Each structure stands twice: as C-alpha cells, then as structure tokens.
Amino acid sequence: MKNLILALMFVYSGAVLAADNPDWAYPVNPPPPQLDNVTPKSLPGGTKQYTQAQIDDPINPPDWYPDQHPPLPPVVASGGARPRVACGLCHLPSGNGHPESASLAGLNEKYMIRQMQAFRDGERSGIRAATMNANSKLLTDDEIKAAANYFAALKPAAGYNKVVETETVPKSYVGAGGMRFVVKGGGSEPIGQRIIVLPQDEARAEARDPNSGFIDYVPVGSKVKGAMLMAGGDGKTVPCTICHGPTLRGLGEVPGIVGRPATYIFRQLNDVKTGNRKGPWVELMKQVVEKLDDNDMIALAAYLGSQDP
C-alpha cells in the first residue's frame, strides 16, 4: 500500500507538459530523493521533532502546531482508515497549502465536496489533477465531507503568499514537492511573463511549516492590469464580482478568490480555458476566460493574490 501511495504522489513525474500548460505553473515533480530518517528537525515555537522522512510521509505528515487548529479528522491527519495520501501532506493542517496544491482554508464546504466529486468523475483533469483523481477514488463520501468541513472552518492566513512585482527573479529549480528553490550562486534572470513562487524560508518550507509562506513574483504592472480585468477589462471579460460577490470573498457555493496563491488562480483560469475543468458550474466561467491570454490570466492572478483573504 505504501508503494501505491508513492505512486499517487508522483503519478505525474516525468510527464510531458502540453504547450498550453506552462511549466512555471504546472511544475513536474523530480524523482523522490532518499530522505533522511535519522536527523530530527524542529521549528520555531514548536515542541515537536520530525526527520525529513517523517515530514514527507504521505500517510502520516507532520502536525507541527496542533494547538493552532481544531482536531484533525483522520482523513486529513493520516488518510483515514486505510493508508491513503493524507490531505494534510499537501494542503497542510492550516489549509494554506504549498505551491503545487490548493489553498483550502475558508473555502465553502459544498464547493469543496463538489470539487472532490469532479476529481472522482474525471471532470477535472490534467497534470496537476492526477494525484487528486486517483486519491478521490479511495475516499468515502463521509471522509470527503469531514475534510471539507474541517478546511471550511479555517481562516486563510493573510500574507502567507506575498505578491511582489519585479523585473528579475533569482534563478530557480523545481525540487521536492513541486516547490521551486533558488539556485545557489545562480544569479538572476528576467521574469518574463511568468509567476515564480519561492519560499520565504527554504528550510521551513521543506519542513512543511504551516507558518512559513511564499513569495509570488509577478511581472511589473500586473496588479494594476489585473484590477482592470477584474472589473471587466472594457468588455474583454466579465466582472468577477458578479459571481464571486462584491468583496470577491465568495457568494453561496461560489468560492472566494482573493488572497489565494497566484499560481493556483492562474491554473484554475487556464484549466477552464483548456478544458481541463468541466461540469455545469464551469460553463459559467468559460465566457470569463474565452478572450484572455496567458498575460491576462497572470495579471488577474497577481491582483487577486495580492488582496486580503
């Protein structure tokens, strides 16, 4: 079963990205390294210690600060009754997640249940959906509901992802967990039309510290352009407030979209545009993205990610 779990985690490793799925937004995990199972690690303000092998254990990921959240449902803590990838591995007990995954804290419960059903039914596909497609088929409806109820009750952390406009970024590479890390001594390079996400603290990110976030580097001018597009872009798209509410923090089962990681927002827009997200609710989004190019979606993602969740 452990081999099955590892297969789920790395099911997309080595896959070839389609041209409409830019590699900066859809990073491919490298082969898993040999993990240290001897040296204990600790984090600021915490009392727990874990080795890196324990930190990256898919069926028993670390819970560094159990006093900072409600009790974890078994499916979040360890994957549930049967060994499966625990929700807390990628999304963290805080629900704020890592760049390769979604930020779930504070999302509408019914929306999350609907998304799990979409993964299970193949209505969400593509390279970043592969693990969720497989894992969703192993979960019961009650487990899905328990996880959705838990994450819906959490508050997203302001400043966990900081959006910074820049012309250049440090050279980076995709490492464990689909995260980017700075190439030591590698200098810098133009950001171009990309969103480059780097940890605020690399060691704490590798340790899956829920209190240490990321910097979303975006092209200069992105936030102003994104604000314009959010309001309708002079007819290029549809005002986001129509469906997501006047503050963009959600309306009924329609999710809040402010303060979410910029790469996550880009992926959702792009997946709707390329057909990797389907279903009746997605039909409402098709007219939103129909005329948007990659630069537009980067700008929207930068603006929305920079707002207070």
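Leaving aside neighbours within four places in sequence, which residues is Ser222 in contact with? In this predicted model, numbered from 1 along each chain as its sequence is written, local features need pLDDT of at least 70 and side-chain atom pairs count only at pLDDT 80 or more, while totals for chains, interfaces and linings use all residues. Side-chain values use heavy atoms, with hydrogens and water left out.

Outside that sequence window, Ser222 is in contact (heavy atoms within 4.5 Å) with Glu165, Ile298, Ala299 and Ala302. Ser222 is found in helix α9; helices (H or I, at least four residues) and strands (E, at least two) are DSSP runs, numbered from the N terminus. Ser222 counts as buried because its relative accessibility is 6%, where buried means under 20% relative accessible area (1.4 Å probe, protein chains only).

In α9, residues 222-230, the buried positions are Ser222, Gly226, Leu229 and Met230. These residues lie on the same side of α9 because they cover an arc of only 100° around the axis, the arc being that of the directions from the helix axis to the C-beta atoms. Their cover includes β1 (161-166), β7 (214-219), α10 (241-244) and α13 (294-305). After α9 comes Gly232, with a positive phi near 120°.

The largest nonpolar core (buried Ala, Val, Leu, Ile, Met, Phe, Trp, Tyr and Cys residues joined through side-chain atoms within 4.5 Å) has 64 residues, and Phe151, Ile195 and Phe266 have the most contacts inside it. Helix α13 supplies the largest share of this core, eight residues. Apart from it lies another core, of six residues, including Tyr50 and Trp64.

Definitions and conventions:
Buried means under 20% relative accessible area, exposed over 50%, partly exposed in between (1.4 Å probe, protein chains only).
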